[in-house]
Amino acid sequence: MIAIIDYKMGNLRSIANAFGLLGAETVIAQTPEILSKAEAIVIPGVGAFRDGMKNLQELGFTNALQEEVAENKKPFLGVCLGLQLIAKRSFENGEYEGLDWIDFDVKKITPQSGNFRIPHMGWNELEIKGEGGVLLQGIPKPAVVYFVHSYFLQPNSKASEKLVTSTCFHGETITASVEQENIFGCQFHPEKSQNTGLAVLRNFIEFAKKHA
Amino acid sequence: MLKNRLIACLLWRDGLIVQSVNFNHTNFVGDALTAVDFFNTWAIDEIVILDVSRNAEKRDLFFRIIDELSARSFVPLTVGGKIRTIEDIRKLLQIGADKVCVNSEAFKNSQFVMQAAEMFGSQCIVVSIDVKKINDQYRVFINNGQTDTGTDPVGWAKQAEALGAGEIFLTSIDRDGSREGYDLELIAKVSGNVRIPVIASGGVGDWQHFIDGIAKGKADAVSAANIFHYSEQSTKKAKNFMRASGLNIREPEFYFINTPRKPKYRI
């Protein structure tokens, strides 16, 4: 069973629908107790970083996530804001601390030329690093997926740069997906990226099955 | 590089999808589930569905339809029409909308866009602007195109951007249903004055019009309604035509969604 965290920030339905189509059982987690029973955990999300962190905290998810994902190494997938929340900190309208599972900062996309509109909204092609790690393995190319965001993850070190499994270009290089052991994240929306996106989610489900 | 998007717009009125000419609804063209299945199958890039019913009697049915649609739409789904409050937005997002499209209320109450963007993020707030030419001047119309605000669309688009809108859905009422192509002058004016993406809407009569909207109008995304309902394999053909002209468009791959219909047909 995959727990999808409901922290009042997002398109829970879309991601639950996509997992459902792939035959995975999901539960919408409104309280942290469910996380210990889940085989995998997903933070979807759309919205502002500050509110996202605040809601996770207030609903009591922060400690449970720390325990289940960071310590017990349960398979985890963060999507869009859900990915940004696991970074070290974000500079979205101020400076805020994240869950700090991966050494990245969340920064505003600042294109070098005026031809790139913000938000970065629409379908963009992934540049997959090597085999694409776990999430992107076997994805047919060109892998074109749906993005909608104004902030992105920037690696803080050479070591964290190695966690990046794909990027895309929108006026600058945008981190599109990362993975570190049991922790996965994508800036794009696999639940809204048709065949390609469903293949990404299928890869996550397979990983979760093996590591349950 | 970011691709230009081809968007299908569905006008939902009292339970059925309708055709629109200058914002008057003419033919019923079928039901929403069939349309969405079709678009998903042929790799449309995004779906916009607007409740254009003249009153709110069937609003609950609309919510039920969105709920069902979202379960079978694996491309972004934008929902608009009759959105007046933050609660309205929350409800639509909960039942599966990815973005919401606001129009009259956004114009009347600038705080609304600001609050909505703060609450849900700019990326999910699309401001829809309906424009009509009066005495050779572009003007913003609200209330289903019934009320002339006297406002210049460029000014309003810039203000909407400043308030936190993530995208502009720009419709020419004059061109709506005309098949004469987009009002390229209008689209170029608005898109040249904002930094957020602009979606062109109103007037597509053949595939070349999509290309014009992007190449001449400088729209980021092009949308149409009627033409998709009346052409076989329309999105695939439109995309192939656009790709052949050199535009950066996502390939139309065939995708079969094995999701049973409940009920099978809703007519």
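This is a short walk through a predicted model, from its scores to a chain contact and then into one strand.

In this predicted model, local features need pLDDT of at least 70 and side-chain atom pairs count only at pLDDT 80 or more, while totals for chains, interfaces and linings use all residues. Residues are numbered from 1 along each chain as its sequence is written, and chains are lettered from A and ligands numbered from 1 in the order in which they are written.

Start by colouring chain B by pLDDT, the predictor's confidence in each residue, from 0 to 100. Chain B averages 90, with 94% of the residues at 70 or above. The model as a whole has ipTM 0.89 and pTM 0.92.

Next, bring up the contact: 29 residues come from chain A and 32 residues from chain B. Here, contact means C-beta atoms, placed from the backbone, within 7 Å. On the chain A side, select α1 (12–21), β8 (120–125), β10 (144–149) and α6 (194–210), each of which supplies at least two residues. Helices (H or I, at least four residues) and strands (E, at least two) are DSSP runs, numbered from the N terminus.

Now go to strand β3 (residues 40–43) of chain A. A:Ala40 and A:Val42 point one way, A:Ile41 and A:Ile43 the other way, and all are buried (20 or more other C-beta atoms within 10 Å of the residue's own, with C-beta atoms placed from the backbone). In a regular strand, side chains alternate between the two faces of the sheet.

Add the neighbours, where pairing takes at least two DSSP bridges between strands. Strand β1 (residues 2–5) of chain A pairs with β3(A) in the parallel sense over three bridges, with A:Ile2 opposite A:Ala40. Strand β4 (residues 76–79) of chain A also runs parallel to β3(A), joined by three bridges; look for A:Phe76 opposite A:Ile41.

Note on methods:
Contact = placed C-beta atoms within 7 Å. Buried ≥ 20, exposed ≤ 12 C-beta atoms within 10 Å, placed from the backbone.
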